[in-house]
Amino acid sequence: MKIDKQHIEERNQQSLDDHLESFDYIANRLTKNGIEVENVVQKLADFQVAIPSWALGAGGTRFGRFGFQGEPGTLEQKIDDVGAIHALTQTAGAISLHIPWDVPKDYTAIKELAQSHQISFDAVNSNTFQDQKNTTKSYKFGSLSNIDEAIREQAVEHNNEVIKIGNKLGSKSLTVWLADGASFPGQTNFQSALKQTQKSLQEIYASLPEDWKLFIEYKPYEPNFYSTVIQDWGTSFMLANECGEKAYTLVDLGHHLPNTNIEQIVSTLMMKGKLGGFHFNDSKYGDDDLTVGSVKPYALFLIFNALVYGMENNPQNPYPAWMIDASHNIKDPLEDIIQSLEAIQEAYAKALLVDQKALNEAQQNHDVVKCQEILQDAHRTDVRPLLQKARLQNGGALHPLKTYRSLGIRKQLVAERGANSVATGL
Ligand SMILES: [Mn+2]
């Protein structure tokens with residue numbers, strides 16, 4: 001399945017006048033305020049977010065899973081789905097694979113398919129939170145942190161295998177998220193678990209190709225509900241430092257306790273040059289994996305404000321790897337991802353409008369009210385015409401979701417794959 005550029009173009013023509021009118025209005029206003037609008041639009045056009053291969057099917061909870069018709073049943077179909085999202089949004093120029101769910105059979109063919117959609121391969125993800133068919137040892141009581149050396153070896157070997165697969169596809173980074181931890185007090189020795197994890201990560205790090213990065217993700221709870229070995233950014237930061245300069249912390253928006261100040265974490269990590277990857281989602285209670293920006297759009301904006309500041313002022317920090325990490329229990333997954341991408345771009349655009357010079361002056365003068373006004377002024381701006389302009393410039397849709405529906409993409413997918421196809425993964 002491939003979306004015909006011509007079809008997008010035709011839909012765009014129908015609302016082009018409206019777009020031009022709203023764009024001119026906002027562009028004039030911003031120009032008067034000293035903002036280089038073209039510069040902002042170009043940054044939006046360049047901003048690309050990886051789509052994880054496991055977010056293309058209906059997600060589920062431990063209570064059940066409600067399938068969604070026309071789900072991608074193969075890696076090829078997953079790449080096609082990301083291709084469709086990218087054609088419409090021009091913001092999803094990469095896919096992030098999860099091994100062993102997405103092991104390619106024919107590497108050349110897979111690379112050619114991705115290239116035909118203008119999609120690259122972002123970070124590869126290892127999986128030691130489930131037992132795999134071809135393994136002999138169980139991760140029930142942990143993987144990289146396990147007290148059993150043979151189990152740790154198996155987990156390290158799996159990560160090394162993931163690096164090899166990613167390398168053949170052109171990936172440049174490995175993301176490690178550990179489910180390791182304890183469900184009950186006294187179950188594990190905190191110090192030994194951390195020590196073993198450190199050692200295992202160092203072994204994986206030793207297998208990284210020269211131009212690769214290792215991203216260490218953290219999470220305070222779940223699936224273990226008493227403790228997790230890598231519970232917070234500080235633990236991840238410490239482990240990354242012990243590994244070396246190619247190891248970084250990865251921030252996932254859903255992996256914090258309620259009301260954690262994530263923008264401050266982002267700022268600290270970027271100042272130290274250690275923010276490597278970033279996972280987008282939204283939540284109300286915990287790791288809810290909701291559509292980005294659906295619950296706390298202002299918090300997302302404040303986080304982007306810290307990210308933009310870091311990207312402009314912290315050359316010691318590499319350009320972060322962006323990915324959506326969400327689950328779609330009851331929505332069409334592709335529609336949900338389109339909504340997420342729109343929310344990400346919106347928050348990014350608003351952060352780009354923050355008058356950093358004025359903010360700095362207001363901070364110097366202890367003008368607390370002005371500081372807040374500067375942030376809120378940027379956040380209250382309707383930036384959607386800027387997003388449309390960026391998409392139009394790259395050949396995407398003015399209105400991705402509307403176009404997705406009017407082109408009947410889901411109907412085509414169901415016709416092609418059937419009503420009962422199930423995506424591999426969670
Ligand atoms: Mn994540």
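This section describes the fold of the chain, its nonpolar core, the packing of selected helices and several local backbone features, all taken from a predicted model.

The secondary structure of the chain consists of 15 helices and 11 strands. Along the principal axes, the C-alpha atoms occupy a box of roughly 65 × 60 × 40 Å. The radius of gyration is 22 Å, which agrees with the value near 22 Å for a compact globule of 426 residues. Of these 426 residues, 46% are buried. When contacts between residues at least 6 apart in sequence are considered, 80% of them join residues at least 24 apart.

In soluble globular proteins, nonpolar side chains tend to be buried together. In the present model, the largest nonpolar core comprises 106 residues, and Ile95, Leu214 and Ile216 have the most contacts inside it. The element that gives the most to this core is helix H10 (residues 333–352), with 11 residues. Ile95 belongs to strand E2, which spans residues 94–96. Leaving aside residues up to four places away in sequence, Ile95 touches Ala50, Ile51, Ser53, Ile79, Val82, Ala114, Ile119, Phe121 and Asp122. Leu214 and Ile216 fall within strand E7 (213–217).

Helix H2 (residues 37–46) has a buried side and an exposed side. The buried residues of H2 include Val40, Val41, Leu44 and Ala45. These four residues lie on the same side of H2 because they cover an arc of only 135° around the axis. An α-helix has 3.6 residues a turn, so residues three or four places apart point the same way. Glu38, Asn39 and Asp46, on the other side of H2, are exposed. The cover over the buried residues of H2 includes H10 and helix H13 (384–394). H10 is thus named twice here, as it is also the helix that gives the most to the largest nonpolar core.

Two packed helices are described by the angle between their axes and the distance between the axes. For helix H5 (residues 149–169) and helix H6 (residues 190–206), the angle is about 35° and the axes are 9 Å apart. Their crossing is right-handed. On the H5 side, the residues that meet H6 are Arg152, Ala155, Val156, Asn159 and Asn160, and their counterparts in H6 are Gln196, Ser200, Glu203 and Ile204.

Two buried residues illustrate different surroundings. Leu178 is located in the loop between strand E5 (173–176) and strand E6 (181–182). Leu178 counts as buried because 26 other C-beta atoms lie within 10 Å, the cut-off being 20 or more. Apart from residues up to four places away in sequence, Leu178 touches Ser143, Leu144, Ser145, Thr197, Val229 and Ile230. One of these, Val229, is 51 residues from Leu178 in sequence, with a C-alpha to C-alpha separation of 7.7 Å. Ile303, by contrast, is part of helix H9. Ile303 is buried as well, since 24 other C-beta atoms lie within 10 Å. With residues up to four places away again left out, Ile303 touches Ile262, Glu263 and Val266. Ile303 and Gln202 are 101 residues apart in sequence, and their C-alpha atoms are 30 Å apart.

Most residues other than glycine have a negative phi, and most peptide bonds are trans. Departures from both tendencies were found. A cis peptide bond, with omega of about 20°, joins Ile99 and Pro100. Pro100 lies in the loop between strand E2 and helix H4 (107–116). The peptide bond from Glu222 to Pro223 is also cis, and its omega is near 5°. Pro223 is in the loop that runs between strand E7 and strand E8 (227–228).

Positive phi values occur at Gln90, where phi is near 55°, and at Asp289, where phi is about 55°. Gln90 is in the loop between helix H3 (75–89) and E2, whereas Asp289 is in the loop between strand E10 (275–280) and helix H9 (297–313). Gln90 counts as buried because it has 24 C-beta neighbours inside 10 Å. Asp289 is likewise buried, with 21 C-beta neighbours inside 10 Å.

Note on methods:
Residues numbered from 1 in each chain as written. Predicted model: local features only at pLDDT ≥ 70, side-chain atom pairs only at ≥ 80, totals over all residues. Helix = DSSP H or I, 4+ residues; strand = E, 2+ residues; numbered from the N terminus. Rg over C-alpha atoms; globule rule 2.2 N^0.38 Å. Buried ≥ 20, exposed ≤ 12 C-beta atoms within 10 Å, placed from the backbone. Contact = placed C-beta atoms within 7 Å. Core = buried A, V, L, I, M, F, W, Y, C linked by C-beta atoms within 7 Å. Arc of directions from axis to C-beta. Axes fitted to C-alpha atoms, helices over the stretch in contact; angles between N-to-C directions. Left-handed = near helix turned anticlockwise from the far one by under 90°.
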